[in-house]
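Dear colleague,

I am handing over the structure we spoke about, and below it you will find my notes on what turned up. Please read them with the coordinates open beside you.

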Amino acid sequence: MALEAGGIKIPVPRIRTLASACDYGPSLQEKGFDPIFTHSGAGKAEFTSLVIPGQQAGDVVVIQPIAGHPDGHIAMFNGLHWVSDFVQYKGFYPGPSYRNIKPAFILYRYNNNKARNTEVKDTSHNITIGYPIPKNKKGSDFTQLDEILSHLDGESTGLYMIGRNGMWHGGIHITNATTLWCALSGKSIFEKVDFPVSYTGEQFVRCMADGDVVAYRVCQDYLPIKWGNGALSFSGSFLLVRHYIQPGKTAKSGLHFYTLYMHLAPHSAYQTPDTTPLWAVQDTLTVYQPEWLLSASHSHTHRAGVMPKGALIEWDDKDGNLRTRAFNQRDYGLVRFKGLTEAMKKKGVKTTLTEGEQYWILVDNNNIKLVEEELVQPAWWSHLQVPSSDVMQYDRIVCPTPYPIHAGDAVGHLGYCQVPKDGGYESRYQVHIECFSMDDNLPTFLTNPEKVGHDNPLYLKYLPGLALYKKETKTGTFSKEERVTRGSAILPLAKVPVESHKNKAGLEEYYQLKEGYVLKSEKTPERLSQYDLAKLGFTLIKDNPDSFDHLNGKTQPKGLVRSIYEQLLHHATIDLRVSHALVSHNYQRLLDKIDGHPQGKYSPEEYRRAIHNPSYIHELYKIIVRHPSDWFHKKEDGIWQTFLNELKKEAPGWKTYSEDFLDKMAWMQEVTTEKLGPELWHMHPLMFLGAIRQLQRYIIKHTRYDYTLDEAINKQMSIPGNAAPKWGILRNATRGEVTQEIKPSNLFSNIQMLQFLEIDKPMGISVELLNDFLKGKGSLDGTAAAFIQAAHDFNINECYLAAHAAIETGNGTSVLGKGSLFSYNHQESRKVYNMFGIAAVDGNAVGGGKAAAYSRGWFTPELAIRGGAGWISQKFVNKKQNTLYKMRWNPSSPSLHQYATAVNWPSHIVTRMYEICGDYHEYNKELYFDIPVYKESAQ
């Protein structure tokens with residue numbers, strides 16, 4: 001159970017002869033769970049079939065039996081969905097029978113107050129941080145900052161600090177231009193005009209960090225804003241979340257901050273759409289062409305094939321024109337074939353039917369089943385359902401009693417917005433995201449006052465003037481040059497090559513930079529923690545402008561814009577790229593123009609482009625600005641008057657629109673429970689949170705064994721015959737080669753450390769990343785989904801599986817990898833595949849591998865991947881040999897039950913794994929490493 005995985009072991013109830021799900025209530029209470037909400041099963045239910053009032057991540061529901069389901073049901077809420085032995089996308093009731101009857105249930109919540117009394121207090125406060133959107137409609141996660149920034153390059157509006165209209169903009173926009181899977185169409189008639197094809201919101205916008213909901217506005221529908229002779233629609237729904245992070249032990253390394261999610265889809269967008277009902281086929285059915293209706297009363301002509309079980313169809317069962325009774329007295333419906341589910345496609349189900357075409361099929365005797373299309377609502381709404389004391393209120397700013405929300409929880413969807421432009425308007429779906437703080441400790445926080453992470457730095461920073469060394473290729477020695485570094489850079493430490501040379505003074509190590517080698521032992525270059533934010537380039541600017549309009553084309557911009565140019569000039573000056581040699585001169589030219597002609601006209605577009613120079617976008621996004629918030633100030637305030645007065649003279653229609661917008665959207669002063677504004681520290685939400693999210697999410701443990709290292713080596717060297725340790729496949733390995741590969745202390749580099757990675761669980765690699773690795777690798781090309789499915793089915797690491805298969809099959813081109821015909825005991829000859837060399841023993845590799853594949857039915861690459869993964873999981877990974885090191889060397893019983901004979905087998909595989917997962921130090925998922933410790937052996 002998920003509870004036991006979290007460290008809470010629930011005793012199995014014995015109320016009946018066998019344990020049933022419905023009996024777990026007393027067992028949950030015994031372990032500290034309290035009943036929070038009870039439904040007796042009688043009377044009117046004060047909840048929907050989707051949510052239980054007040055449900056929170058970690059809650060458990062115990063549901064009583066109904067006819068046909070004598071054991072009842074139990075499920076746990078993960079913050080987004082209810083989960084049992086499957087993910088329940090339709091709510092806490094597991095199926096339509098339950099949802100129709102609504103049987104009794106009790107919601108339980110863990111009370112860990114007693115546990116807190118006995119815990120050793122750690123005053124640090126780390127939180128989970130993630131990115132606000134998935135990378136595709138399947139929900140795959142962005143794992144790297146540059147990856148999501150690249151994805152959002154396609155956004156033309158809502159740029160950080162200075163928007164495309166020259167106005168202050170404290171956040172970023174994410175729109176349907178880049179992330180259409182997070183857009184959700186509502187009920188507005190204008191939406192159907194602007195976007196005839198509806199957006200279905202396959203994925204949510206996500207909360208970026210653990211925190212508390214402190215304010216919100218849920219609009220029932222879109223807000224109208226005056227424009228011309230009519231009004232434009234605009235989403236005014238938002239969510240404000242408060243966060244606190246403290247990497248160190250004391251408050252001086254802590255920071256309070258907020259994230260804002262503005263322009264979320266309104267409540268009306270989550271009402272069940274008025275569309276043709278969707279059904280799932282419950283059995284394989286014969287289908288007929290539409291013209292079969294003419295002969296339905298006497299024959300079964302016009303057959304079009306079969307419709308597979310599980311296929312999706314649209315059919316209006318209330319339309320008599322779409323139903324007929326045939327000569328066999330069975331009811332048939334004219335349905336529209338919608339296609340196969342993703343699960344069916346992964347299983348290799350095929351069909352000859354055409355999506356979107358109409359066919360006659362049987363619709364009686366439960367041959368089809370209605371698929372409920374209730375839209376899943378944002379996770380934070382569940383706390384605001386009856387009987388909560390903070391029931392959701394609409395169309396107003398609400399400050400509820402703060403309650404928790406977690407990174408990754410569903411915040412909402414991109415809302416529909418009509419934005420005015422001269423002569424009309426433009427439409428899009430968008431969310432505006434901000435990250436800001438009122439904490440006076442921010443400047444100290446950026447300096448990492450407690451030096452958190454200095455014992456395990458992640459970055460290397462060097463500056464101009466650092467002595468350079470050159471390497472003599474013949475001798476391997478290093479000598480000091482007259483040259484010094486001219487540039488500056490911050491590099492991921494794991495990706496900086498290190499070379500060493502042993503001399504009389506001892507071992508000297510050198511970092512290899514683009515400009516040459518630098519001595520590692522010197523104080524510079526600096527090795528930095530991820531929390532050394534100031535040294536990593538985060539800078540502070542304070543600006544108290546007279547207007548939110550920073551680029552009006554008339555008055556040269558001082559303050560913010562000038563400060564940005566000074567920052568970018570600094571970075572351009574130390575940029576050694578020849579192609580960028582003139583960039584610093586351009587920034588200096590703009591600064592001279594600002595200082596020399598304060599009232600001179602200029603091109604706002606030229607100035608704006610200089611700010612958002614793609615070459616220095618990271619440096620720009622690391623600027624943190626203390627600036628007035630446009631959500632705080634109302635239209636009457638002085639900071640808006642210069643802008644509005646100009647509009648009054650030049651564009652009165654724009655003035656009317658702007659004032660109406662401010663009336664409806666200035667919300668911050670109404671959040672009376674938090675101290676916000678008028679000035680706040682504004683951070684780029686992706687750059688700042690991406691920098692402080694925990695990158696070192698790996699846990700290292702050490703396991704002691706009863707053998708010394710020499711004893712383990714002796715046992716390896718004593719293995720006779722074909723099973724003896726090999727160097728490759730051509731010869732036996734020497735003792736020195738075995739020692740080199742088996743000694744744990746030789747394997748602590750970033751790549752070789754993966755030999756100790758526990759591979760008994762999926763890693764979470766995306767199908768796109770895995771397909772990139774497999775592309776062009778023969779029969780492995782395009783099989784990423786098969787590896788990922790096998791990883792989940794057999795509790796094994798998909799990165800390892802793909803790397804192992806690539807090594808074993810010669811990138812999908814070996815005899816066993818590309819497939820080869822084989823016959824067994826005079827049976828039919830079939831092409832077989834063996835992706836992991838199972839039973840391909842030395843001396844009869846091909847024959848043994850083919851026979852094993854044939855007997856196991858591995859007749860496609862996908863079947864071989866799945867079958868091989870299951871075999872490895874059963875025989876090794878989930879039998880206490882759950883690292884590559886254990887699979888090869890089996891330190892608990894050296895020389896016995898070892899996967900391979902080649903001593904460098906694990907080294908080859910982890911090298912390929914590193915090609916897939918890259919720098920796992922930056923991988924946002926907990927990874928466990930198990931390092932062996934041999935008896936009386938200095939490691």
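Two strands are taken to pair if DSSP finds at least two bridges between them. With that in mind, and remembering that this is a predicted model, A280 stands opposite K369 in β23. Four bridges join β16 to β23, and the two strands run antiparallel. On β16 there is also W279, which stands opposite I313 in β19, and here three bridges join β16 to strand β19 (residues 312–314), again in an antiparallel arrangement. Strand β16 (residues 278–281) is covered on both faces, with L278 and A280 buried on one side and W279 and V281 buried on the other.

The loop that leads into β23 deserves a look as well. N367 lies between β22 (358–362) and β23 (368–371), and N367 is buried, with a relative accessible area of 11%. A polar atom of the side chain of N367 lies 2.8 Å from the backbone oxygen of D364. Setting aside neighbours within four places in sequence, N367 is in contact with A280, V281, Q282, D283, L285, R330 and L362, while A280 and V281 are themselves among the buried residues of β16.

A second buried side chain in a loop is that of Q530, which is placed between β35 (526–528) and β36 (539–542). What is the relative accessible area of Q530? The value is 4%, and Q530 counts as buried because the cut-off for that word is under 20%. Polar atoms of the side chain of Q530 lie 2.7 Å from the backbone oxygen of R693 and 3.1 Å from the backbone oxygen of A691.

Turning to the start of the chain, six strands form an open sheet in the order β1-β6-β2-β3-β4-β5, with antiparallel pairing. The edge strands are β1 (33–39) and β5 (87–88), each of which pairs on one side only. For β1, six bridges lead to strand β6 (residues 105–110), and the two run antiparallel; within this pair, the bridge partner of F37 is L107 in β6.

Among the helices, I looked at α13 (residues 638–650) and α14 (residues 652–665), whose axes come within 6 Å and cross at roughly 145 degrees. In the contact, W640, F643, L644, L647, K648 and E650 of α13 meet P652, W654, K655, S658, E659 and L662 of α14. These residues divide into seven nonpolar, one polar and four charged.

Finally, the nonpolar cores. The largest has 103 residues, and the members that touch the most others are M161, L239, Y261, W380, Y565 and F688. The largest share of this core, seven residues, comes from helix α9 (residues 559–573). If you would like one residue to start from, L239 is in contact with V213, A215, Y216, T259, L260, Y261, L264, W380, I405 and V411, leaving aside neighbours within four places in sequence; of these, Y261 and W380 are also named among the members with the most core partners. Apart from this core lies another, of 67 residues, among them M753, A869, C917 and Y934.

With best wishes

Methods:
Residues numbered from 1 in each chain as written. Predicted model: local features only at pLDDT ≥ 70, side-chain atom pairs only at ≥ 80, totals over all residues. Heavy atoms only, no water. Buried < 20%, exposed > 50% of the residue type's maximum accessible area, 1.4 Å probe, protein only. Polar contact = N/O pair within 3.5 Å; in protein donor to acceptor, adjacent residues only side chain to side chain. Contact = heavy atoms within 4.5 Å. Axes fitted to C-alpha atoms, helices over the stretch in contact; angles between N-to-C directions. Nonpolar A, V, L, I, M, F, W, Y, C, P; charged D, E, K, R; others polar. Core = buried A, V, L, I, M, F, W, Y, C linked by side-chain atoms within 4.5 Å.
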